[in-house]
Amino acid sequence: MKVRVCKTSDIPANSMKSFDVEGEPVMVANVDGEFYSIADTCSHAMAYLSEGELLDDCRVQCPDHGAVFDLRTGEALALPAVAPVETYKVTIESDDIYIESRAD
Ligand code: FES
């Protein structure tokens, strides 16, 4: 399902924002004008990745224990997380950001 989450101007460059998408926390990151979306829950324990730190090379670091995820693939790049997080397809239409589950 494709869901509008916000306007592009709502997420400044090199920042992240969390959204409730049908009861699931999902985050959208703006990396130098490119938007990426992944599940906002760390695969290690209960922490919001959007409250962590954006790193270079499209990576985000969990605020709790420091796991690192690739925003493009959801892959866990650093312990203690080993499982990936879900990624969402992002499309921009007239300055609106839409995300779409890849499972649909
Ligand atoms: S909750 Fe994210 S690394 Fe532990």
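1. A definition to start with: two strands count as paired if DSSP finds at least two bridges between them. With that in hand, strand S9 (residues 87-93) and S10 are joined by 6 bridges and run antiparallel. Please keep in mind throughout that this is a predicted model.

2. Overall make-up. The protein has 10 strands and 0 helices, and its pattern along the sequence reads β-β-β-β-β-β-β-β-β-β. Its radius of gyration is 13 Å, close to the 13 Å that the globule rule gives for 104 residues, so the protein is as compact as a globular protein of that length. The C-alpha trace spans about 40 × 30 × 20 Å along the principal axes.

3. Burial and contact range. Of the 104 residues in the protein, 28% are buried. If you look at contacts between residues at least 6 apart in sequence, 35% of them join residues at least 24 apart.

4. The six-stranded sheet. An open sheet of 6 strands has the order S1-S10-S9-S4-S3-S2, with antiparallel pairing. Its edge strands are S1 (2-7) and S2, each of which pairs on one side only. From one strand to the next, the twist averages 30 degrees.

5. S10 and its partners. On one side, S10 pairs with S1 over 5 bridges in the antiparallel sense. Within that pair, Arg4 has Tyr98 as its bridge partner, and Lys7 stands opposite Asp96. S10 also pairs with S9, where Tyr88 stands opposite Ser101. S9 and S10 form a hairpin with 2 residues between them. If you check backbone torsions, have a look at Ser94 in that turn, which has a positive phi of about 50 degrees.

6. The four-stranded sheet. A further open sheet contains 4 strands in the order S5-S6-S7-S8, and the pairing is antiparallel. Strand S5 (53-55) and strand S8 (76-78) are the edge strands, each pairing on one side only. Here the twist averages 35 degrees from one strand to the next. Strand S7 (residues 68-70) is joined to S8 by 2 bridges, with the two running antiparallel; Val68 has Ala78 in S8 as its bridge partner.

7. The core. Which strand gives the largest share of the largest nonpolar core? That strand is S3, with 5 residues. The core holds 22 residues, and those that touch the most other members are Met27, Val28, Ala29, Ile38, Leu49, Phe69 and Leu71. Strand S3 (24-31), strand S4 (34-39) and strand S10 (96-101) are the elements that give two or more residues to this core.

8. Val28 as a place to zoom in. Leaving aside residues up to four places away in sequence, Val28 touches Val5, Ile11, Met16, Lys17, Phe19, Phe35, Ser37, Val90, Ile97 and Ile99. Val28 is also among the core residues that touch the most other members. When you view the strands around it, remember that in a regular strand the side chains alternate between the two faces of the sheet.

9. Ser15, buried or partly exposed? Ser15 has 13 other C-beta atoms within 10 Å, and a residue needs 20 or more to be buried and 12 or fewer to be exposed, so Ser15 is partly exposed. Ser15 lies in strand S2 (residues 15-21), one of the edge strands of the 6-stranded sheet. Its C-alpha atom is separated by 8.6 Å from that of Val28, 13 residues apart along the chain.

Technical notes:
Residues numbered from 1 in each chain as written. Predicted model: local features only at pLDDT ≥ 70, side-chain atom pairs only at ≥ 80, totals over all residues. Core = buried A, V, L, I, M, F, W, Y, C linked by C-beta atoms within 7 Å. Contact = placed C-beta atoms within 7 Å. Rg over C-alpha atoms; globule rule 2.2 N^0.38 Å. Axes fitted to C-alpha atoms, helices over the stretch in contact; angles between N-to-C directions.
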